[in-house]
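User: I would like to go through this structure with you, beginning with how one chain is arranged. Could you take me through it?

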Amino acid sequence: MATIFIEQRPYEVKDGQNLLQVCLSLGINLPYFCWHPALGSVGACRQCAVKQFRDDKDTRGRLVMACMTPATNGTRISIDDPEAREFRASVIEWLMVNHPHDCPVCDEGGECHLQDMTVMTGHTYREFRFKKRTYRNQYLGPFINHEMNRCIQCYRCVRFYRDYAGGRDFDVFAAHNHVYFGRSEDGVLENEFSGNLVEVCPTGMFTDKTLKQHYTRKWDLQTAPSVCVHCSVGCNTIPGERYGTLRRIHNRYNGEVNGYFLCDRGRFGYAFVNSDRRLRHLLLARAAEQPGRQRIGPAEPTTKEQVLRHLEGLLSGSAQVVGIGSPRASLEANFALRTLVGPECFYLGMSETDCRLIAAVLEILHNGPARSPALSDVALADAVFVLGEDVTNVAPMLALALRQAVRRKPMKIAEKLHIPAWDDAVVREAVQQEKGPLFIATPYSTKLDDVATQTYHAAPDDLARLGFAVAQALSPEIPPVMGVPDEVRALAGRIAQALLEAERPLIVSGISCGSEAVIQAAANVAWALCGNGHAAELCFTVPECNNLGLGLMGGGSLNAAFKAVHAGAADTVVILENDLYRRADAAIVDAFLDAAQHVIVIDHLATATTSKADIVLPAATFAEGDGTLVNNEGRAQRFYQVFVPEGDVQESWRWVRELLNAATRPEGQSWRNMDEIVAALAGTIPIFQGLPEIAPPADFRVAGQKIPRQPARYSGRTAMWAQRNVHEPQPPEDADSPLAFSMEGYPGQPPAALIPRFWAPGWNSVQALNKFQSEVGGPLRGGDPGRRLIEPAAVERVPYFVTVPRAFQPRDDEWLIVPLYHIFGSEELSILAPGIAERAPQPYLGLNPDDVTRLQVHEGDELELRVDGTACRLPVKLMPTLPVGVAGLPASLPGLPGIALPAWSKLRPGNADTVGAKR
Amino acid sequence: MEQPLTKNIRPGEEPLDLKAYEQAGGYQATRKALQGMTPAEVTELVKDSNLRGRGGAGFPTAQKWSFVPMGDDAPRRKYLIANADEMEPGTFKDRLLLEGDPHQLLEGMLIGAYAIQAEVAYIFLRWEYKLAAERLTKAIAEAYGAGYLGHNILGSGYGLELHLHVSAGRYMCGEETGLLNALEGKRATPRSKPPFPQTSGLWGKPTIVNNVETLCNLPHIINNGAEWFKGLSHSQDGGTKIYGVSGRVRRPGTWELPMGTTIREILEDHAGGMRDGCKFRGLLPGGASTDFLVEEHLDVKMDFDSVQKAGSRLGTGTMIVLDDQTCPVGMVQNLERFFAQESCGWCTPCRDGLPWTAQILQALEDGRGQPRDLQRLALHTKLLGPGHTFCALAPGAMEPLQSALQYFKEDFEQHIREHRCPWR
């Protein structure tokens, strides 16, 4: 600790910080632009000037930049000093020399850091009387709007995009008062994290283009704390709604998860909530009421009474019901279904392979000594071994964390030179191109390869063999891998050495390869390090937002459900938020749905599956209901309803509750609100017993008040629905949470799990976050929300895996088809956002050039692929890093059939007429 | 009067080639240093000589070197850079040395590099100095050929790799740390100090950046000793200085004179006084980024401390003379436009404050000046002062402005009063 003096008052502050951090952590207002808590200091904007005094006798002092000055013991500063105040106001005045007067028409207006800082410094009158400089704006793709005239040259964008996120197609150009931030030419920003420019930019130079399409002011947005549903990382978000439409996603800081940033899929994938494909009304197939009917035509809208009556008839009998859960539905929804059908008839809604792999992941995390790291821990790893995962495309924010992790080891260079970690430009000059060890072994080259120490591209079994070889180099308890080529063995040795030398080694793997051996090899490596006394961490990625939650709940695979129905074990199927056609061969799903007498689907989107249903119950999306998701770390996180949807839409668990009631079952009676179903879940499945504590109960109040979802400045409340009724409607009640659909309520800071937006007096932009953290860059006040459900076991004997797969053997006439993940395209919901769809690739088949030659085709020619009777014809794309004998198929792209991968397939020059699925 | 720096220079003729340079006593200092002195002894000798940096700041050269980590566990590689990016307006002294005696620079660099045990040296050359580039390229090739560069120089075990890098041409590249960024292929924005380049410089490694003229002094100090070097000077600072004069004088040019020669002597004896019909009004003693001195300062000695005492800086020692036929506001406007243009755009006061300053001065020149403009100009000289901006560019830019506002206030007011430039 150090004692510093501000306006001659002593403050105890943490060592190793700069004065700006310290002042903000103390709650003192000091304006700034170029400094960013995640990006550090560079001293460019000169906005945070304060007066520093040598000692208590020094009365003259000198101006210093708070962000560039260490807060060492005895430091004496004045923020109120007239010279410092004058200088800070002048900095704003200089910035305003060229900044346009367009606040009223600027998207940033009302949440603009520049506005806030201008007011804070007291600059009110513009003396500059000459022409402003102007720029040409660029087209930057579907996500980001560019308005260069508003730029105040804080350099944050380029520092985030290039230095932090590893982007290369964006830079700063030109010089003096004509510096330009953009691309060398118009074009889509390539980096997966470009959306953060919207929040990193302190003014309206970069704004959210998707918000612009249905623009509303920040203060007119109804918001609630939420969790991203577009991958397994579980980034915390703040979705904003107006007039029943979801307008945008902003980051919700969680010090242990996403910190300050989101990926573009998470930020811009929200439009599915507003999609034309949304189901908003109950649908009942016309012929459904007749027993032994042939389902003809799609289900049609009907009344709730009619459906419930029908359900009563359906469920009150002795008929056996099969339930198919969903990895994109909440724990509560899945638990409700599991309750309805009983654990033995509850199926996870995932393929056999996925179920097996997720069970393996969970077993490893439960029974082994390696801990699954929080995302914030990942960024602190000083040696990383990625085994089998295309991290950028599967779990994008994990890739961003790994980009920070490679800076850990070189940070020692800066430490040696006594350079504080926050002194960002100086650290980078000292460290230069040095990178910490990051070894990436994947079936094909990944975007993260640019920061890798070494990469290795091989078939899944060979990746597993590399992993086993690394583990074997670390522990003699692991059986040797026979027949490994010398260069692979040498690589394994280097990887083992780098991991051993690290203080915080990290192994990253996952289920993308579809290989249990890969997962086991990764576990062996981490465990062997633990066995050597290293606190090795083991991070698994899974593709969907609640894969692990569902895995923890337990149940059979989709294939098992198919079998059960075909065996006549059940005549009614309830499918929860799941399009089975994405997960299994169409013919098999058809047969399954045909075999079932009654098909009830609860979902928020019309899918191939809902089109086959007798009854469709419209479910709430993440923005329209509450729920809990378990991320890849094993962290349970609560998301809250943002707005009340129109139509018959309600949370899936409430639909299941109605099914329970229709079946005259008692369980649903006690689920009157979220707390009660969470309590039931916690009481039924031991792993979830801590769930009630992850968020305050619905009756939680601060000073007797609920937490308002709408900001105090929310406008038009009495007018926005006046065309329907001149009487102001009563705000909807929220029985599930302490949040209110109102602007009335507790105006102060709520507990961390309930923060609906970051705002503080004088801080209208996202920078208000500083006021919500216990210290700048630290956890939210009261601790970051969420709760880890899985901790490593204290094991006496590490349960190493000993079965090493045989080396991959290419086949003469068949190829091993592996999934190729795409951040834009491989996820079911986000692809419905037009911007994401625009970024998604067209279906293709990736092949090694040698294989292409062998097949006597050329790039762009079509090949037919056939797995289990499902065939599709795809243009060939050369992928030199794919091993010979392996072909890549984009995972889950629209237009591609549901093929469970990996699988072997012949490849033939196509002769069908259309690209895509054939049945 | 001894003129060690320019003794080999014959204006208008090719410089001495390696052989001629050797015959004139060249590379003797290299031999002496590399074969007979330890790096510490070289540094000590330079320290005793009171050599101060000739780039403008006047920092003692040996002291600068002393911050470089030495010994076996020092970070490698270490670098020595000759700052030949001579872009200070009115300054052309290094050009004389670069074009006139390139081997002298190479030898100076060798000795400097040896003192800090650098493995690699760069000459960072101003883009426009095409002739110098040509002559340096030839000299470097000769030096490599004769074994003065490369491995194991003169059997000493010490080796040096030397490269010529021609700048892309920005004023900022002349700033020590902006130069380092430019040399690394990055934008020529300055770096924050500490750490200083001596510990974290080029590629993050220990680096010394010395001015061309500074380095050229080293062979002579080694050859003749510290006392001799101090004896060359009329002041505390050792050695000679290459002074220059531009403006409406009879004989503009450069001269190697004892350090501490008075302004009057340089102006009258060497530059031949003012041209007929022109009266002296003032001068910038050491380039565009120094304060004006006027009539009363003519007897000031041109050394670092004396000029500072008079309220300006020695800078590069090449003065720009203002006469009565030239508008002082126009002169300052020209300078401020230059500085605004050359701002790298990194920090706010410089990037946005300098163009505003230049625009006000242009308005004055165009007859659009307003009385409050003078307050704004005065405010900027204060707000863009040292410590307020990221590097010294803007404070340097304010030096001619603040002194012009002091010495030529009436001229500024006349522009505003009469809504015109009286010289037009």
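**Domains, interface and core**

Analyst: In this predicted model, the centres of domain 1 of chain B and domain 3 of chain B, taken over C-alpha atoms, are separated by 35 Å. Local features need pLDDT of at least 70 and side-chain atom pairs pLDDT 80 or more, whereas totals for chains, interfaces and linings use all residues. Residues are numbered from 1 along each chain as its sequence is written, with chains lettered from A and ligands numbered from 1 in the order in which they are written.

User: How many residues does each of these domains give to the contact?

Analyst: Domain 1 of chain B gives nine residues and domain 3 of chain B gives eight; a contact requires C-beta atoms, placed from the backbone, within 7 Å.

User: Where are the domain bounds in chain B?

Analyst: Domain 1 covers 18–231, domain 2 covers 240–323 and domain 3 covers 328–418; such bounds come from an automatic or database domain assignment.

User: Turning to the interface, how many residues of chain B are in contact with chain A?

Analyst: There are 29, in contact with 33 residues of chain A. Helices H13 (328–342), H14 (348–365) and H15 (371–383) of chain B each give two or more residues to that side, helices being DSSP runs of H or I with at least four residues, numbered from the N terminus. The largest share, eight residues, comes from H14(B).

User: And what does A:Val525 touch, leaving aside its neighbours within four places in sequence?

Analyst: A:Val525 is in contact with A:Phe385, A:Gly467, A:Val470, A:Ala471, A:Leu474 and A:Ile507.

Terms used
Two residues are in contact if their C-beta atoms, placed from the backbone, lie within 7 Å.
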